[in-house]
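Welcome, and thanks for opening your viewer. Keep the selection tool at hand, and we will go from stop to stop together.

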Amino acid sequence: MAEYNHRDTEKKWQAFWDENQTYRTETDTTKPKYYVLDMFPYPSGAGLHVGHPLGYIASDIVSRYKRLKGFNVLHPMGFDSFGLPAEQYAIQTGQHPALTTEANLKRYIEQLKNIGFSYDWSREVRTSDSSYYKWTQWIFMELFGSWYNKETDRAEPIDTLLYKFATNGTTDVNAVCDDETPQFTAAEWNAMSKQESYAITLHYRLTYLANAVVNWCPALGTVLANDEVKDGVSERGSYPVEQKLMRQWMMRISAYADRLLTGLDTIDWTESIKEQQRNWIGKSVGASVTFPVLSEQGKYAIDVFTTRVDTIYGVTFMVVAPEHELVPSLTTPEQRNAVEAYVQAVKLRSERDRMADTKAVSGVFTGSFCINPLNEENVPIFLADYVLAGYGTGAVMAVPSGDQRDWTFAKHFDLPIVPILDGQKDLDMQADNTKEGRYINSGIINGLTYKEATDTLIAWLEERRLGRGKINYRMRDAVFSRQRYWGEPVPVYFKEDSKGGRLPYLIDEADLPLELPTVDKYLPTETGEPPLGRAEGWKYKGEHDYELSTMPGWAGSSWYWYRYMDPQNNHEFASKVAISYWQNVDLYIGGTEHATGHLLYSRFWNKFLYDRGYVPQDEPFKKLINQGMIQGRSNFVYRVKTNLSAESVVGNGYVRTTESEHPDSISLFISKNIKDGLERGDEESKLYIHTYFNKLRSRVTNDDGRHHIINLSKFMMWTPLHVDVNIVENDVLDIEAFKKLRPDLTENAEFITEPDGRYLVGVEVEKMSKSKFNVVNPDDIVEKYGADVLRLYEMFLGPLEQAKPWNTNGIDGVYRFIRKFYRLFYKDNAEGVSQWIVTDEAPTPAELKVLHRTINKTQDDIESYSFNTSVSSFMICVNELAALNCHKRAVLQDLVLLLSPYAPHLTEEFWAALGNEPGTVSKAEFPKFNPNFLVEDAFEYPIQINGKVRTTISFAIDRATTEIEREVLADETVLKWLEGKSPKKVVVVPKRIVNVVV
């Protein structure tokens, strides 16, 4: 039988789309817009595996569907092409990262085109292209030139701040700024030198230099984000990471904390992602309290933020983060060695690990005390790793009666636990954080309730300037530096100030882009400077030192959706016309790994651009869908734990053989069913193994005639080993392919197969990765089955948002569906050649019913992103049309359009074959659903004789019961079962059943 040739057809249409720029998108204001975006991929050297295209296929289906619905669709693709992998490879090989990145990009694009995505490739962007990062640098410059005005609750140009300074000094300035920002009058400001006044503004700018505790990875030579560190090591390369105080560029994202929080209520995202963002932002309502430190070195204090100021009388110790700037001052000479050792140990743990470890207790006494401002008692000051320098103030007033971590710490160090509420219970067993009851042991709030106590204490503290009511956020300002080469250069140079320090200045906008210089190596300099320090003569205007750090990985991905709107614009990051038309992203699809970092930073930059009037929307992404992970289906072979040898030691249960010293010893691999039978103790399996060894014994001998064979008692021991899934089909191992791939395991090996000669592998669902040999290359699937089959199968696996295992065995069902669909259009003639069988006959009601049920289902499914059920409905539709022997153009043409978002190559072929202009399926109109075709005009009645169904008869739904009764009694089959008897009665239940009682 002649079959559909997917290879030729798919290559043909992919070439057609490229040549004719079928999916090129223009700014057409006569049409409603729809913007579909995939999360910015990084082009890794490994290319795509079958898990990667899942979200891309879903977004492509929506894009194609929206075009059929009359929308002007923007569906672009580009690459987040700066990053550590390319640089690490450059360090190892000396090859410029741009070269490996270009090779990776070429491979990625080839794979994406092979799957038939309807991307507008004319809009492709790459973050490592200077024409792109010119605008990333420009946005950085705009941030540097802006401050956050709390009065207007938005970012403003720095000039508006300078005007306030010149007219009223800092009197009416309500800004987000550094904690220790100087206060001054207008006269003092106007008397400052240009350099002095400029230095003041650095306390207010939205991007600034500061000392920050960061995740420093010496092996990678760079700072890592929290989500790049796991279990104290880098996610990439598993190198040790330590906490380190470094001078870094920072972004004042904390200025937007409340807007980032409230904005979540305006967008259609999953609740789980919103909750992760809420937790990351971490809004807390409470109070700031000052605890004076007892010290002979001068007057200073520790400020704490607490959400439970009502518990202040229960404070029995203070806990300070090991990285806190006051640690050297707080440490007494007697405690110095212990404190320094503890601080060094904590540096080796990431913040994530420290927060996650709720059971281990560690800490050290500083030797110092502070004073509780309410009861004036001395409070010992400890360091502990469960307090972070960057959260709050880096210090916690510890109330062990109300907080479990404080309680555990107090028990460990034998510190007092003071009850503060009469409602607290079992404090000898655990902390009780109740707010119920009335206060005890609590001075001025004794006898009060929680609300009364809180209001009383805040008023008392504010009156005495010892504290104030405050809203705090967990989210900290974002580090914006990498001590690496392969990233965006920061458009900043330095000039010395009058005190010998260095002040940062922006380069002229006309000098953008500031391109990466040439370096001899991609490593830090001998003096510890970042790799850019190796660039010879790299100075601004030949005079001033540039910033040597580069921007972090999230810089270029925090605004890229706007560049897609107008990617060739050399004068703006995107034109006002383009931005006004495309607005923000209607549908954004990507993985949950970006739940906080990328999405928060993108929302931050978008809100900043909105404040400054560059974009019309406050939020960048209207709807967000996180696709689930496609997991790998790992396969295993089972190797007997020791090689066959002349000697053996028989133990209870399994046979343990001694390791053979003979060079001709044999490795044994046992098939899964045989292994399972031995584990169950099946006699049949034992007999099979005995028979196998008797056959093998005659073949395996050494020079002196001794048999290199084990003595079988009951069972053998074996080790499961991952085997490449690409040499397994329907759980059967290709033994010869395995031998070629793993000669290290299979030299002189024997395979204990099933009786039919097959070697069956084990199966387990795991993450898809090279180390587990379960990576399936989409190129292989496309070659064997076709891109349309891959697309349909990935959707068919299950709901988009859920994780699901990949199983190549199951793809045959989709492949058979494509062939059935093909046979609605063609059949083989006597010579075995495919013959076109589509007719122009009018469709029957039954055929129209099948079609319109599918139209309705497909439309509803795509609108609700339930792509898996659409594929099922296509299969049902094709089966039903085949059963009806339907080959009618009016039905098949609409079915082609329904299927086209899922299987674009095949449907382009049939669309042209049906007489339409080639390549225009995406310009057609989605079939209109007519509910009238689903209205039943007849009902197939089961006919019972004395309660047993003997036949069925179809009647019009509006047929009178008397007429139904008359025709039933005249039916030949009914007359046969009546055997000449007259019925006692006939019961007709409309649209249910007819029962004849004899």
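Is Asp731 buried, partly exposed or exposed? With a relative accessible area of 22%, Asp731 is partly exposed, because buried would mean a value under 20%. Keep in mind as you look around that this is a predicted model.

**Stop 1: the whole protein**

Zoom out before going further. The protein has 998 residues, and 52% of them count as buried. Its C-alpha trace spans about 115 × 90 × 75 Å along the principal axes. Colour by secondary structure, and you will be looking at 31 helices and 41 strands. Across the whole structure, a search finds 57 salt bridges.

**Stop 2: back to Asp731**

Now select Asp731 together with Arg633. Their side chains meet in a salt bridge, at 3.0 Å from N to O. This pair ties together distant parts of the chain: Asp731 sits in the loop between strand 31 (728-729) and strand 32, while Arg633 belongs to strand 25 (residues 630-640), 98 residues apart. Arg633 counts as buried, since its relative accessibility is 18%.

While you have salt bridges on display, add Arg259, Arg603, Lys607, Asp611, Asp618 and Glu619 to the selection. Salt bridges that share partners join these residues into one network.

Next, pick Val732, which lies in strand 32 (residues 732-733). Val732 is partly exposed, at 22% relative accessibility. Then add Leu760: 28 residues separate Val732 and Leu760 in sequence, yet their C-alpha atoms are 4.8 Å apart in space.

**Stop 3: helix 2**

Select residues 53-68, which make up helix 2. How far apart are the end C-alpha atoms of helix 2? They are 22 Å apart, and this agrees with the 22 Å that 16 residues should span at 1.5 Å a residue. Helix 2 is largely enclosed by the rest of the structure, because 16 of its 16 residues are buried. Just past the helix, click on Gly70, which follows helix 2 and has a positive phi, near 95 degrees.

Inside the helix, show the side chains of Asp60 and Arg64. They meet in a salt bridge, 2.9 Å from N to O. Arg64 and Asp60 are four residues apart in helix 2, so about one helical turn separates them. Both of these residues are buried.

Which other partner should you add to Asp60? Try Arg791: the side chains of Asp60 and Arg791 also form a salt bridge, at 2.8 Å from N to O. Here the pair links distant parts of the chain, with Asp60 in helix 2 and Arg791 in helix 24 (residues 787-796), 731 residues apart. Asp60 and Arg791 are both buried. As a general point, side chains of opposite charge can pair when their charged atoms come close.

**Stop 4: strand 11**

Select Ala287, which is found in strand 11 (residues 283-294). Ala287 has a relative accessible area of 0%, so it is buried. Add Ile458 and draw a distance: the C-alpha atoms of Ala287 and Ile458 are separated by 7.0 Å, although the two residues are 171 residues apart along the chain.

**Stop 5: out to the surface**

Finish with Asp179, Glu180, Asp303 and Glu325, which gather in a patch of negative charge on the surface. Asp179 is in the loop between strand 5 (175-176) and helix 7 (186-191). Its relative accessible area of 80% makes Asp179 exposed.

Note on methods. Residues numbered from 1 in each chain as written. Predicted model: local features only at pLDDT ≥ 70, side-chain atom pairs only at ≥ 80, totals over all residues. Heavy atoms only, no water. Helix = DSSP H or I, 4+ residues; strand = E, 2+ residues; numbered from the N terminus. Expected span 1.5 Å × (residues − 1). Buried < 20%, exposed > 50% of the residue type's maximum accessible area, 1.4 Å probe, protein only. Patch = residues over 30% accessible without salt bridge, like charges linked within 9 Å, V, L, I, M, F, W, Y side chains within 5 Å. Areas by Shrake-Rupley, 256 points an atom, 1.4 Å probe, with all protein chains shown as cover. Salt bridge = Lys/Arg side-chain N within 4 Å of Asp/Glu carboxyl O. Lys, Arg positive; Asp, Glu negative; His and termini not counted. Charge placed at Lys NZ, Arg CZ, Asp CG, Glu CD.
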